[in-house]
Amino acid sequence: MDKIIFTFSMLFLVACHSEKDLRSDLHSFSEPHHVITTHLDLNIEVDFENECISGEARYEIENKTGHRQLTLDTHGLQIHKVTSNGETRNYFLGQKDSILGQPLLIELQKEDEEVSIFYQSAANAKALQWLNPEQTAGKKHPFLFTQSQAILARSWLPCQDSPGVRFTYEAQVKVPNDLLAVMSAENPREKNIDGLYTFKMQQAIPAYLMALSVGDIEFRELGANTGVYAEPKLIEQSAFEFAETQEMLVIAQDMYGDYAWDRFDILVLPPSFPYGGMENPRLTFVTPTILAGDRSLTSVIAHELAHSWSGNLVTNKTWDDFWLNEGFTVYFERRIMERLEGIAYADMLSLLGRQDLERTLESIGHSHSDTHLKLDLAGRNPDECLTDIAYEKGFFLLRLIEQTIGRKQFDFFLKEYFSENAFQVMDTEGFVDYINSNLLNHQPKLKEKIRLEDWVYGPGIPENCPAIKSSKFKAVDQAIQSFDRGYSLEHIDCNHWSSHEWLHFLRHLPKKLTKKDLKKLDLAFNFSKSGNAELLNAWFLRTIPVGYKPAEKPLEDFLMTVGRRKFLKPLYEALYLKDPSRAKRIYENARANYHSVSQEALDELIL
Ligand SMILES: [Zn+2]
């Protein structure tokens, strides 16, 4: 064994020096240009007591170069044994990197076409969040979910964790008898008595889209090929909230071609889920904070659905090209919402997005290289560097192209782009070449107007960014003016306002509000008791700097239950600015309720 370790460590050192520059994805150790995994048979058990996943990952491999080594990514995994066709294979875990984890180097025999890894995840595996019953809606059963994007799949599954490596999979998952398991795959709809579930994913996906959740959940049909999973307590509310999902799917297909994943189901998770949604194919994971009761926050569903094309079908090659996933998805999301709710509605979303973008630019700095669409994340954790730039600057670039070229022509281009590049990766340079040769080079005057390279490789927001006007927000601005002049709030005609008008209202109230102002607003609109998480968040951002007492308890309750990073970061920042010791106290109490991606963002800020 000693000798093998020596040989393998030597191999690894050599690999580091000679091939590092050749690896296009700096966030994966794997070397898919030599040996690539093509299919996974996963056989695991989910152990709630010890908070770990253990079992066998058997990969079918394609050895392209006759290489004698398969390299997988791992993070904190214990490897018990590696075999091929039942025979033991030598392996070695390389040097640890705090962001990337450890490479698992497996010695191959010439004839090897499959490799099995017997492993166990660590108790604090970064992708996994183990929830106790108190953290669920039902309060009776534990819950588990994974969040693999960007580079966390390797913490619960040895894999080639790079967006460019796609594989199909089948899985067998053993869970406690009273719980249901679901994955980014063909899913069961009901619990069975032995707690053993099987899954099949026939479309090849990258590891960041591997997903598993286990809990007391049930299924409800929404449409012909759409449905929702949620805890029994939330299933009615979820089915009501997401009733338009099938319609969204029909609209999306009508615009950009057939849906490639058979079904589009949604899983509503407990509130500690760190994101609004995660586009796990066939089963989008979402936060329950979009259950507003009036379907006003369902653009998140349109967003995750749009990822079925941009991201899941045509995938960013590396995390430096993240805008190709997100900018396209925001554009597509708003097009779906425009068809569903009208142009005035979609314009509100775009304007709120523009406000988010301005705030992000203020905090990063307008000329910083992190404001380029093409990023350089070498040596950095992608989960901490991916910002609104990819989403909103990406959106505004696509909107500019649409406006300049014309919607009809741009839609035709996008449909072709998705179909020609389906189930493949795209990097920024490849996209620039593609759009130039398929669209812009034919129209040099329009190309000059767009100045694509300034957007992609340059900082900030270029001056040709499309301006969006909203008649709906104009009415809100008038209400703000009358508040500012001291008029009574009763005269504000806000009965038909959606979450978006309220957000605009709260964000644009005068900068300096007094406790008296806040009390007046709270009495009129009951913000502190709102059931809408977006509004609560915007409201707390106004009350924290002023020290408005009646909102303090609702704020603490919110921070103790909701783990969505988008809300937590600005709230804790504001709290810390006002009263560092209070921010620290609340965070120390709440931290255990958050997923690792939220914890890592906040540890840096507060601890
Ligand atoms: Zn997205």
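A crossing of two helices is right-handed if the near helix is turned clockwise from the far one by less than a right angle. The exercises below use this term on a predicted model.

**Exercise 1.** Describe how helix 5 and helix 8 cross: at what angle, and with which hand?

Solution.
- Step 1. Two packed helices are described by the angle between their axes and the distance between the axes.
- Step 2. Helix 5 covers residues 322-341 and helix 8 covers residues 388-405; their axes come within 7 Å and cross at roughly 65 degrees.
- Step 3. The hand of this crossing is right-handed.
- Step 4. On the side of helix 5, the residues that meet helix 8 include Phe 322, Trp 323 and Phe 328. Among their partners in helix 8 are Tyr 391, Phe 395 and Leu 398.
- Step 5. Sorted by kind, the residues of this contact are 10 nonpolar, two polar and three charged.

**Exercise 2.** Find how many residues of helix 16 are buried, and which helices help to cover them.

Solution.
- Step 1. Helix 16 (residues 533-546) has 14 residues and reaches 20 Å from its first C-alpha to its last, close to the expected 20 Å.
- Step 2. A residue counts as buried if 20 or more other C-beta atoms lie within 10 Å of its own.
- Step 3. By this cut-off, 11 of the 14 residues of helix 16 are buried, including Leu 535, Trp 539 and Ile 544. The charged residues Glu 534 and Arg 542 are also in the buried set.
- Step 4. The cover of these buried residues includes helix 14, helix 15, helix 17 and helix 18.
- Step 5. After helix 16 comes Gly 547, with a positive phi near 75 degrees.

**Exercise 3.** Asp 262 and Arg 295 both lie in loops. State the sign of phi for each, and whether each is buried, partly exposed or exposed.

Solution.
- Step 1. Most residues other than glycine have a negative phi.
- Step 2. Asp 262, in the loop between helix 3 and strand 17, has a positive phi of about 65 degrees.
- Step 3. Asp 262 has 11 other C-beta atoms within 10 Å, so it is exposed.
- Step 4. Arg 295, in the loop between strand 19 and helix 4, has a positive phi of about 60 degrees.
- Step 5. Arg 295 has 18 other C-beta atoms within 10 Å, so it is partly exposed.

**Exercise 4.** Locate the cis peptide bond that involves Ala 150.

Solution.
- Step 1. Most peptide bonds are trans.
- Step 2. The bond between Gln 149 and Ala 150 is cis, with omega about 5 degrees.
- Step 3. Ala 150 is in the loop between strand 10 and strand 11.

Key
Residues numbered from 1 in each chain as written. Predicted model: local features only at pLDDT ≥ 70, side-chain atom pairs only at ≥ 80, totals over all residues. Axes fitted to C-alpha atoms, helices over the stretch in contact; angles between N-to-C directions. Helix = DSSP H or I, 4+ residues; strand = E, 2+ residues; numbered from the N terminus. Contact = placed C-beta atoms within 7 Å. Expected span 1.5 Å × (residues − 1). Buried ≥ 20, exposed ≤ 12 C-beta atoms within 10 Å, placed from the backbone.
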